[in-house]
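Biologist: I'm new to this structure, and I'd like a close look at one part of it: the sheet and whatever sits around it. Could you walk me through that slowly?

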Amino acid sequence: MILITFEGLDPFVTGRYSREHLKNLANLFEASEDEISFFVPNGTIVHNGIEQTSWNIRVKVECPLRYHALEENVANYLLKTLKDFAIHIEVLFHYFDEAHSHKRVSSEYPLFIGHDEVKEAEEKWEEEQDEEVYTGDVFAEHKEELDALEEALEGNAKKGHKE
């Protein structure tokens, strides 16, 4: 797997970037789109007490050593296409030997959650939201108890003013 990590970039920007550039990056890597994923850690780059989101970003590309020869083209593409989202950009490549990579892929589920699954989940959520909302008086059964409490509070307030 090729993992591209954006440190210091807004997660929503990364989502958009991944949708718009996955295909081109797969072509540059001469790899399947299924081999590339993006990661945005929950964190912020800070300098001298000031948050630097989208001002300074670091892009880490973790990939098998066989992609080393493509590094220059991929780096140039990332630097060029990220200039619309960030001011200062650094791209680092970390290579690993595939002999030391181990994974398990479930045959019961698709490799990635797709737009259809997200749409299906959203539709189910919307159906659940269509349930009728109770607009009656939820305290109706406790009216006498509430009236007694209010009287007691008013009585205590009057006693407090007399003393």
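Modeller: Let's begin with a single rung: I4 has V61 in β5 as its bridge partner. Bear in mind as we go that this is a predicted model. A second rung of this kind joins F6 to V59, which is also in β5. Both rungs take us to the pairing of strand β1 (residues 2-7) with strand β5 (residues 56-64), which is antiparallel and runs over five bridges.

Now cross to the next neighbour. β5 also pairs with β6, this time in the parallel sense and over nine bridges. If you want one place to look, take K60, whose bridge partner in β6 is L92.

Put the strands together and you get an open sheet of four, in the order β2-β1-β5-β6, with mixed pairing. At the edges are β2 and β6 (88-96), each of which pairs on one side only. From one strand to the next, the twist averages 15 degrees.

Helices come next. α1 packs on the sheet, where it touches β1, β2 and β5, and its direction makes about 145 degrees with that of β2. Helix α2 (residues 71-82) packs on the sheet too, touching β1, β5 and β6, and the angle between its direction and that of β6 is about 150 degrees.

Let's stay with α1 for a moment and pick out L22, which lies in that helix. Setting aside neighbours within four places in sequence, L22 is in contact with Y17, E33, I36 and F38. Take F38 from that list: L22 and F38 are 16 residues apart in sequence, and their C-alpha atoms are 9.2 Å apart in space.

Y17, another name on that list, has a ring worth finding. The structure holds six aromatic pairs. In the pair made by Y17 and F85, the ring centres are 6.0 Å apart and the planes are at 85 degrees, so this one counts as edge-to-face. Because Y17 lies in helix α1 and F85 in the loop between α2 and β6, the pair ties together parts that are 68 residues apart in sequence.

That leaves the hollows around these elements. The largest pocket has a volume of about 500 Å³. Its lining is made of 18 residues, and G15, S18, R19, F38 and I113 lie nearest its centre. So here is F38 again, the residue that L22 is in contact with. Three elements, α1 (11-29), β2 (36-39) and α3 (115-129), each supply at least two residues of this lining. The one that gives the most is α1, with six residues. Sorted by class, the lining of this largest pocket has nine nonpolar, six polar and three charged residues.

The second largest pocket has a volume of about 420 Å³. It is lined by 18 residues, and those closest to its centre are M1, I2, D34, E35 and K103. One of these you can place on the sheet straight away: I2 is within the stretch of β1, residues 2-7. By class, the lining of the second largest pocket divides into nine nonpolar, three polar and six charged residues.

To retrace the path on screen, start at I4 and its partner V61, step over to K60 and L92, and then turn to α1, which packs on the sheet and gives six residues to the lining of the largest pocket.

Technical notes: Residues numbered from 1 in each chain as written. Predicted model: local features only at pLDDT ≥ 70, side-chain atom pairs only at ≥ 80, totals over all residues. Heavy atoms only, no water. 1 Å grid on protein atoms, 1.4 Å probe; cavity = no way out; pocket = protein on both sides within 12 Å on 5 of 7 lines; lining within 4 Å. Points joined across faces, edges and corners; volume = space filled by probe spheres on them. Nonpolar A, V, L, I, M, F, W, Y, C, P; charged D, E, K, R; others polar. Pairing = 2+ DSSP bridges. Axes fitted to C-alpha atoms, helices over the stretch in contact; angles between N-to-C directions. Contact = heavy atoms within 4.5 Å. Phe/Tyr/Trp six-rings, centres within 6.5 Å; stacked < 30°, edge-to-face > 60°.
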